[in-house]
Amino acid sequence: MKNLIIVLAVILSVLSCKNETKQTDKEQHENHVTPLKKEEAPKKKVLSPHTSAMAMIGDAHIHIDYSSPGVRGRIVFGGLVGYDNVWQAGAHNATWIETNKDLVINDELLPKGKYGFFTIPSKDDWTIMINKNWNQHGKDDYDENDDFIRFKVTPSISEEITEHLDYKVNKISATEGTISLAWEKVTISFPFKINN
């Protein structure tokens, strides 16, 4: 009889431990939920990365801010960018140019400040427009009446392709420089002087 009581006590003790273990596991599961890991989507490549070009010419800081679209096998000028139409000279927001000193461009004075930079590409020549309204999406708010300076340049054509739109501010001397734009097979460039 004594043995039977001992066996029953051992069985009850084991069952009690198993039940506690089950409850503990259940409680742990209820109280500690491990979040499922979400699969991270691969980062999408930016097709028109935001970038800038700048240089110091003497004590003048010239800064051009733009988004740089790629050719990606397309016909750009006369295709993606139509001839004889206003173009914001980049992607997304209008390209802008800022100078901390007065400049002379095409024999016209451009006071220090920040300006929208627009073009009208064509086969024979391009019209360059430096506009008072620098903060706009694309050419949505472009107004010819806000052009501060407007002039024409002749593009140079190359057989080599510049895949992404590329601006450069080049120093010629302590008081002179050039601004250039290259994309696809086309490059345009124009000189400027620091107005001292």
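Let's start with F190, which is buried, with a relative accessible area of just 4%. Keep in mind that this is a predicted model. F190 counts as buried because its value falls under the 20% cut-off. Its partner is F151, and that residue is buried too, at 7% relative accessible area. The two ring centres lie 5.2 Å apart with the planes at 75°, so the pair is edge-to-face. Where do these two rings come from in the chain? F151 belongs to strand β8 (residues 147-153) and F190 to strand β10, so this pair brings together distant parts of the chain, 39 residues apart.

F151 and F190 have company. Ring pairs join Y66, F117, F151, Y167 and F190 into a cluster. If you go looking for aromatic pairs across the whole model, you'll find 12. Another one of them is made by F77 and W183, and here the arrangement is edge-to-face, with 5.8 Å from centre to centre and 90° between the planes. This pair also links distant parts of the chain: F77 is in the loop between β2 and β3, W183 is in strand β10, and 106 residues separate them. Are these two rings buried or exposed? F77 counts as buried at 6% relative accessibility, and W183 is buried as well, with a relative accessible area of 1%.

Strand β10 has turned up twice now, so let's see what it sits beside. It is part of an open sheet of four strands, in the order β5-β4-β10-β9, with antiparallel pairing. At the edges are β5 (108-110) and β9 (156-171), each of which pairs on one side only. From one strand to the next, the twist averages 40°. Inside that sheet, β4 (residues 103-105) pairs with β10 (residues 176-194) in the antiparallel sense over two bridges. To find a spot where they face each other, look for L103, which stands opposite I194 in β10.

Now move over to β3 (residues 95-99). This strand is mostly covered, since four of its five residues are buried. What does it pair with? Strand β2 (residues 60-67) pairs with β3 in the antiparallel sense over four bridges, and I64 stands opposite I97 in β3. Strand β6 pairs with β3 too, again antiparallel, this time over five bridges. There you can spot W96 opposite G116 in β6.

Strand β6 (residues 113-120) is also home to K114, our last stop. Is K114 buried, exposed or something in between? Its relative accessible area is 26%, so it counts as partly exposed: buried would need a value under 20%, and exposed one over 50%. Leaving aside neighbours within four places in sequence, K114 is in contact with W96, I97, E98, K132 and W134. Two of those contacts deserve a second look. The charged end of K114 sits over the ring of W96, 4.1 Å from its centre. K114 also lies over the face of W134, at 3.7 Å from the ring centre. For one more distance, try I130: it is 16 residues from K114 in sequence, and the two C-alpha atoms are 9.6 Å apart in space.

Notes. Residues are numbered from 1 along each chain as its sequence is written. This is a predicted model: local features need pLDDT of at least 70, side-chain atom pairs count only at pLDDT 80 or more; totals for chains, interfaces and linings use all residues. Side-chain values use heavy atoms; hydrogens and water are left out. Buried means under 20% relative accessible area, exposed over 50%, partly exposed in between (1.4 Å probe, protein chains only). Contact means heavy atoms within 4.5 Å. Two strands pair if DSSP finds at least two bridges between them. Axes are lines fitted to C-alpha atoms, for helices over the stretch in contact, and angles run from 0 to 180 degrees between N-to-C directions. Rings of Phe, Tyr and Trp (its six-membered ring) pair if their centres lie within 6.5 Å; planes under 30 degrees apart count as stacked, over 60 as edge-to-face and the rest as tilted. A charge sits over a ring if NZ of Lys or CZ of Arg is within 6 Å of the ring centre and within 35 degrees of the ring normal.
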